[in-house]
Amino acid sequence: MRAALTSALIAACGPLWAFDVPSGQAVDLQEVLIDDTSGTSMVRFRFLAPAIAREGGTMTYADSAPDIEELCARVVIPYIAEYALTPQIVVISLADRAVEFGQPDPDATQFFDAFRIEGDTCIWEAF
């Protein structure tokens, strides 16, 4: 399955872009993955957010949820428009550390949300 993923952007030596989010925590884009291996067109936006770490972190999921929504509106929608992508689902994840996609890391803290994009609107989807 992993071999079938197309990596649109990969940060080999560090984050590609940093973003301001409502909570004020540091959020950097790790990578964007395009995945249609399951028959569902999916684009995954993977962000690094060190402040969500279980040990030493200061941000909870409740603190980070508005950040995820903001990233969908300000990053995802323009990105998919620029690259003419038409995903059925967009998954946004925050992780306290870089984790290779599909590889387990029990020490990592990760938050995930899924959205359906309609026009310029991100609509939360139960995951």
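Phenylalanine 111 is buried in this predicted model, with a relative accessible area of 13%, a value that falls under the 20% limit for burial. Tyrosine 61, by contrast, is partly exposed, its relative accessible area being 35%. A search of the whole structure finds four aromatic pairs, and one of them is formed by tyrosine 61 and phenylalanine 111, whose rings meet edge-to-face, at 5.5 Å centre to centre and with 90° between the planes. Because tyrosine 61 belongs to helix H1 (residues 61-82) and phenylalanine 111 to strand S6 (residues 110-118), this pair ties together parts of the chain that are 50 residues apart in sequence.

Tyrosine 79 and tyrosine 83 form a pair with another geometry: their ring centres are 4.6 Å apart and their planes stand at 40°, so the pair is described as tilted, an angle that is neither under 30 degrees, as stacking would need, nor over 60, as an edge-to-face arrangement would. Tyrosine 79 counts as buried, at 10% relative accessibility, whereas tyrosine 83 is partly exposed, with a relative accessible area of 44%. These two tyrosines do not stand by themselves, for Phe45 joins Tyr79 and Tyr83 in one aromatic cluster.

Phe45 also leads into the interior, being among the residues with the most contacts inside the largest nonpolar core, a list that further holds Phe47, Leu71, Val76, Ile92, Leu94 and Ile117. This core has 26 residues, and at least two of them come from each of strand S3 (27-35), strand S4 (42-48), H1, strand S5 (89-95) and S6. H1 gives the most to the core, with eight residues.

What is phenylalanine 47 in contact with, once its neighbours within four places in sequence are left aside? Its partners are Phe19, Val27, Asp28, Leu29, Gln30, Leu71, Val75, Ile92, Ser93, Leu94 and Ala95, and of these, Leu71, Ile92 and Leu94 are themselves named among the core residues with the most contacts.

For the chain as a whole, there are one helix and seven strands, which follow the pattern β-β-β-β-α-β-β-β when read along the sequence. Of its 127 residues, 43% count as buried. Among contacts between residues at least 6 apart in sequence, 57% join residues at least 24 apart. The accessible surface of the chain comes to about 6900 Å², and carbon and sulfur atoms account for 53% of that area.

Methods:
Residues are numbered from 1 along each chain as its sequence is written. This is a predicted model: local features need pLDDT of at least 70, side-chain atom pairs count only at pLDDT 80 or more; totals for chains, interfaces and linings use all residues. Side-chain values use heavy atoms; hydrogens and water are left out. Rings of Phe, Tyr and Trp (its six-membered ring) pair if their centres lie within 6.5 Å; planes under 30 degrees apart count as stacked, over 60 as edge-to-face and the rest as tilted. Helices (H or I, at least four residues) and strands (E, at least two) are DSSP runs, numbered from the N terminus. Buried means under 20% relative accessible area, exposed over 50%, partly exposed in between (1.4 Å probe, protein chains only). A nonpolar core is a set of buried Ala, Val, Leu, Ile, Met, Phe, Trp, Tyr and Cys residues joined through side-chain atoms within 4.5 Å. Contact means heavy atoms within 4.5 Å. Accessible areas come from the Shrake-Rupley method with a 1.4 Å probe; for residues, only the protein chains shown count as cover.
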